[in-house]
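Open the model in your viewer and keep the selection tool at hand. The stops below say what to select and what is there.

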Amino acid sequence: MSDALINGLAGAGGGIIAQLLTYPLQTVNTRQQTERDLKREKRKLGTIEHMCQVVKQEGWERLYGGLAPSLAGTAASQGVYYYFYQVFRNQAEATALARKKKGLGDGSVGMFASLLVAAFAGSVNVLMTNPIWVIVTRMQTHRKMTKDQTAASMSPSSDAEALVAVEPRPYGTFNTIQEVYDEAGVTGFWKGVIPTLIMVSNPAMQFMLYETMLTKLKKKRALKGSNSVTALETFLLGAVAKLGATVTTYPLLVVKSRLQAKQVTTGDKRHQYKGTLDAILKMIQYEGLYGFYKGMSTKIVQSVLAAAVLFMIKEELVKGAKLLLSNATSS
């Protein structure tokens, strides 16, 4: 079994576990990013308060809206990403060694090369899995209507019609797929792909920081006669790397979520987005810089925790798989 395949499967496994642990935070964060009800915005609920509100008004199950496609998307995204990351990484390492033989460099993959490797792997991942995340965003932002909202939606002059997403029940995965297709055809499944491709810099930064810190830590350990890194250390390295990447690219994540959520087709034109640039300009005009950082505290907690768990579990799975393979080979 190749290193690329081992890393791909380990990444998928770690991603699923991290997703299960942090999914309610992800749901709340997506809702915060796409919030267009001015009355709700003024309340500025904290993460825990927002979760409690969802449970009280819509039930526990809404915190896990879109979980099934999200798990599929996580497994696919992490598997694809880690597989191609390892493929490109192996090529970069081979190139670095070839340069060393020619007297150029020390044979190690530099920071810029690591950034390119992560960017290429991320781009392949985005293009292959974007439809899944459009579906997940729709399901996470779907709201059950309250009685007051139902009554208000009966009036054509009511602003509630423009602020609340009114969906027929049931609203499962296949209903969501049909809705997206009816709205925009096949291209609808690639909404938000432009900011998402730009956001490739997030995992690229994350893995660049992670690989750089991990390499330095291993070199220090090598001087002491050891090359091992503990699960806790991997957890902390993953958390720090994700924190830096998230803070830098968060505004693009908000734009992506706005585009992928159900678009308002009537009422306030401030919340009707024709594309990436239109969304950015309207957010700047009507919401200011604050609009690009809605829910960032929730996202930092969710993404840092998820990344830390992912890295820790992924590294442990890779170690276990290699150990099993070596034992099988020796026997």
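Begin with residues 109-136, where UniProt, in an unreviewed entry, places the feature "transmembrane region". Bear in mind while looking that this is a predicted model. The span of residues 109-136 is 93% helix and 0% strand, and its end C-alpha atoms lie 36 Å apart.

Now show the whole chain. The protein has 13 helices and 0 strands, so its elements, read from the N terminus, run α-α-α-α-α-α-α-α-α-α-α-α-α. Of the 331 residues, 47% count as buried. Among contacts with a separation of 6 or more, 81% are between residues 24 or more positions apart.

**Two bent helices**

Select helix α5, residues 111-141. How far does α5 span between its end C-alpha atoms? The span is only 38 Å, whereas a straight helix of 31 residues would span 45 Å at 1.5 Å a residue. Centre the view on threonine 129, where α5 has a kink of about 60°. Proline 131 comes shortly after this kink.

Next select helix α1, residues 3-34. A straight helix of 32 residues would span 46 Å at 1.5 Å a residue, but α1 spans only 39 Å between its end C-alpha atoms. Where does α1 bend? The bend, of about 65°, is at threonine 22, and proline 24 follows within four residues. Colour α1 by accessibility: 24 of its 32 residues are buried, so the helix is mostly covered.

**Where α5 meets α8**

Return to α5 and add helix α8, residues 173-184. The two helices pack with their axes 10 Å apart, at an angle of about 110°. That angle makes α5 roughly perpendicular to α8. To see the contact, show the side chains of Val134, Ile135, Arg138 and Met139 in α5. On the α8 side, they meet Thr173, Thr176, Ile177, Glu179, Val180 and Glu183.

**Arginine 31 and glutamate 35**

Select arginine 31, which is found in helix α1. Is arginine 31 buried or exposed? Its relative accessible area is 1%; arginine 31 is therefore buried, the cut-off being under 20%. Leaving aside neighbours within four places in sequence, arginine 31 is in contact with His50, Val54, Glu58, Arg62, Gln140, Thr141, His142 and Arg143.

Add arginine 258 to the selection. Arginine 31 and arginine 258 are 227 residues apart along the chain, yet their C-alpha atoms are separated by 9.7 Å. Keep arginine 258 on screen and select glutamate 35, in the loop between α1 and α2. Glutamate 35 is buried, with a relative accessible area of 9%. From C-alpha to C-alpha, glutamate 35 and arginine 258 are 8.8 Å apart in space, with their positions 223 residues apart in sequence.

**Last stop: lysine 282**

Move to helix α12, residues 276-286, and pick out lysine 282. With a relative accessible area of 16%, lysine 282 is buried. Which residues does lysine 282 touch, not counting those up to four places away in sequence? They are Lys269, Arg270, Gln272, Tyr273 and Glu287. One of these residues is glutamine 272. Lysine 282 and glutamine 272 are 10 residues apart in sequence and 8.9 Å apart in space, C-alpha to C-alpha.

How values were computed: Residues are numbered from 1 along each chain as its sequence is written. This is a predicted model: local features need pLDDT of at least 70, side-chain atom pairs count only at pLDDT 80 or more; totals for chains, interfaces and linings use all residues. Side-chain values use heavy atoms; hydrogens and water are left out. UniProt positions are given in the numbering used here, feature names are shortened, and annotations may be inferred rather than shown by experiment. The expected span of a helix is 1.5 Å times one less than its number of residues. The bend at a residue is the angle between axes fitted to the seven residues ending there and the seven starting there. Buried means under 20% relative accessible area, exposed over 50%, partly exposed in between (1.4 Å probe, protein chains only). Axes are lines fitted to C-alpha atoms, for helices over the stretch in contact, and angles run from 0 to 180 degrees between N-to-C directions. Angles under 35 degrees count as roughly parallel, over 145 as roughly antiparallel, 65 to 115 as roughly perpendicular and the rest as oblique. Contact means heavy atoms within 4.5 Å.
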